[in-house]
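Subject: Handover of a structure and notes on it

Dear colleague,

Please find below the structure that I am handing over to you. My notes follow directly after it.

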Amino acid sequence: MAFVCIEDYEKYALERLPASIRDYYKSGAGEEFSVKWNREAFKNYRIRPRFLRDVSKRDISTTVLGHKISMPLGVAPTAMQRMAHPDGECANAKAAQAAGTIFILSTLSTSSIEEVAEAAPNGLKWLQLYIYTDRDVTLNLIKRAERAGFKALVLTIDAPFFGNRRPDLRNKFALPSHLRFANFQGDLSQRINTSRTGSDLNEYVTSLFDPTLSWDDVEWLKKITTLPIILKGVLTAEDARLAVEIGVDGIIVSNHGARQIDGVPATIEVLPEISKAVGDKIEIYMDGGVMQGIDVLKALALGAKMVL
């Protein structure tokens with residue numbers, strides 16, 4: 001059967017991946033209401049087209065933070081991609097480069113910053129960050145990203161703790177033993193595989209991520225790098241306004257794929273109020289539930305500059 005849409009690829013993958021990896025990729029927090037809403041909420045918005053316009057020449061390119069990309073659709077940061085394919089993040093970055101759009105590398109990747117930079121030297125790349133309790137770990141990641149030619153930092157703000165992902169707990173999820181967190185050395189790269197109970201990823205996060213993360217840390221980031229800073233995980237107009245006030249360069253309206261808190265709204269639902277609150281003061285991006293071009297169109301119409 002020919003693959004003609006994202007759902008075809010998704011179905012194919014979910015039938016073939018080992019259960020623990022499959023469940024990690026597809027699960028959300030709690031009872032997964034918000035996972036469903038992320039997709040279903042797009043159905044609440046209707047398109048009212050105008051016709052008898054000359055559409056023989058079409059251009060869907062746009063600019064993000066001053067860089068031109070071929071389309072208003074980029075690749076969101078997702079962890080541990082080599083669990084699904086041997087080339088993992090490197091293949092994904094190559095594909096984004098070939099398509100002329102943006103690739104965001106997760107801190108918790110199974111390919112390093114340097115490997116991704118080598119694989120896609122001409123691609124537009126951003127680095128997603130978590131802030132570690134040891135600030136030197138975070139600082140090291142930033143400096144390596146700067147040297148490797150990454151063009152922005154994406155700070156995840158909605159994960160001081162990881163969500164209650166029940167399949168991971170049931171499966172006692174761990175990174176397969178032949179893989180590692182490639183952006184770290186020694187203990188930091190292997191500690192996820194040393195848990196004795198529960199989800200190894202949850203224990204890793206609890207032991208290393210900083211639960212005191214606040215707006216002061218955004219100020220700290222601004223002082224130690226010249227790269228643009230984008231906040232990922234904004235779900236309210238209030239936080240969007242604070243992001244403008246503190247002087248970040250962009251926000252990503254995101255609920256972490258509904259993997260952090262169950263019961264939060266779909267991102268497409270909150271996008272209009274955030275867009276109204278922010279206006280054109282900073283760039284607004286969005287992720288969550290996007291499965292087809294029509295979804296991208298709806299997000300752009302409701303205020304997003306780019307969809308991930």
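The notes below describe the sheet, its central strands, the annotated sites and some side-chain contacts. Please bear in mind throughout that this is a predicted model.

The sheet

The natural starting point is an open sheet of seven strands, in the order β3-β4-β5-β6-β7-β8-β9, with parallel pairing. Its edge strands are β3 (102-105) and β9 (306-307), each of which pairs on one side only.

Strand β4 (residues 124-129) runs parallel to β5, and four bridges join the two. Within this pairing, Trp126 stands opposite Ala152 of β5, and Gln128 has Val154 of β5 as its bridge partner. Between these two strands the chain passes through helix α6 (residues 135-147), and this β-α-β crossover from β4 to β5 is right-handed.

Strand β5 (residues 152-156) is in turn joined to β6 by four bridges, again with the two running parallel. Here Leu155 stands opposite Leu231 of β6, and Thr156 faces Lys232 of the same strand, β6.

On its other pairing, β6 runs parallel to strand β7 (residues 250-253), with four bridges joining them. Val234 stands opposite Val253 in β7. The chain goes from β6 to β7 by way of helix α11 (residues 237-246), in a β-α-β crossover that is right-handed.

How the central strands are covered

How many residues of β5 are buried? Five of its five residues are, and the strand is mostly covered. In a regular strand the side chains alternate between the two faces of the sheet. For β5, both faces are covered: Ala152, Val154 and Thr156 are buried on one side, and Leu153 and Leu155 are buried on the other.

Strand β6 (residues 229-234) gives a similarly clear result: six of its six residues are buried, so the strand is largely enclosed by the rest of the structure.

The annotated sites

Two sets of positions come from the UniProt record, and both belong to an unreviewed entry. In the first set, UniProt places the feature "binding site" at Pro77, Thr78, Ala79, Ser106, Gln128, Tyr130, Thr156, Lys232 and Ser254. From this set, Tyr130 and Thr156 belong to the lining of the largest cavity. Thr156 and Lys232, both in the set, are also the residues that stand opposite each other across β5 and β6.

Thr78 and Ala79 offer a useful contrast. Thr78 is in the loop between β2 (67-69) and α4 (88-99), and Ala79 is in the loop between β2 and α4 as well. Thr78 is partly exposed, with a relative accessible area of 41%, whereas Ala79 counts as buried, at 13% relative accessibility.

In the second set, UniProt places the feature "binding site" at Tyr24, Arg165, His256 and Arg259. These positions are spread over 236 residues of sequence, yet they cluster in space, with a largest C-alpha distance of 13.4 Å. Tyr24 lies in helix α2 (residues 19-26). With a relative accessible area of 6%, Tyr24 is buried. Another member of the set, Arg259, lies over the face of Tyr24, at 4.7 Å from the ring centre.

Aromatic side chains

The structure has 11 aromatic pairs. One aromatic cluster is formed by Tyr130, Tyr132, Phe162, Phe184 and Phe209; Tyr130 is also one of the positions in the first annotated set. A charged side chain is found over a further ring: Lys125 lies over the face of Phe150, at 5.9 Å from the ring centre.

Two distances along the chain

Two residue pairs may help you to orient yourself. Ala277, in helix α12 (residues 267-278), is buried, with a relative accessible area of 19%; the cut-off for buried is under 20%. Ala277 and Ala240 are 37 residues apart in sequence and 7.2 Å apart in space, C-alpha to C-alpha.

Arg46 is in the loop between α3 (33-40) and β1 (62-64). Arg46 is exposed, with a relative accessible area of 65%. Arg46 and Thr138 are 92 residues apart in sequence and 43 Å apart in space, C-alpha to C-alpha.

With kind regards

Technical notes:
Residues numbered from 1 in each chain as written. Predicted model: local features only at pLDDT ≥ 70, side-chain atom pairs only at ≥ 80, totals over all residues. Heavy atoms only, no water. Buried < 20%, exposed > 50% of the residue type's maximum accessible area, 1.4 Å probe, protein only. Pairing = 2+ DSSP bridges. Right-handed = clockwise from strand over helix to strand, strands pointing away. Phe/Tyr/Trp six-rings, centres within 6.5 Å; stacked < 30°, edge-to-face > 60°. Lys NZ or Arg CZ within 6 Å of the ring centre and 35° of its normal. UniProt positions renumbered as here; feature names shortened; annotations may be inferred. 1 Å grid on protein atoms, 1.4 Å probe; cavity = no way out; pocket = protein on both sides within 12 Å on 5 of 7 lines; lining within 4 Å.
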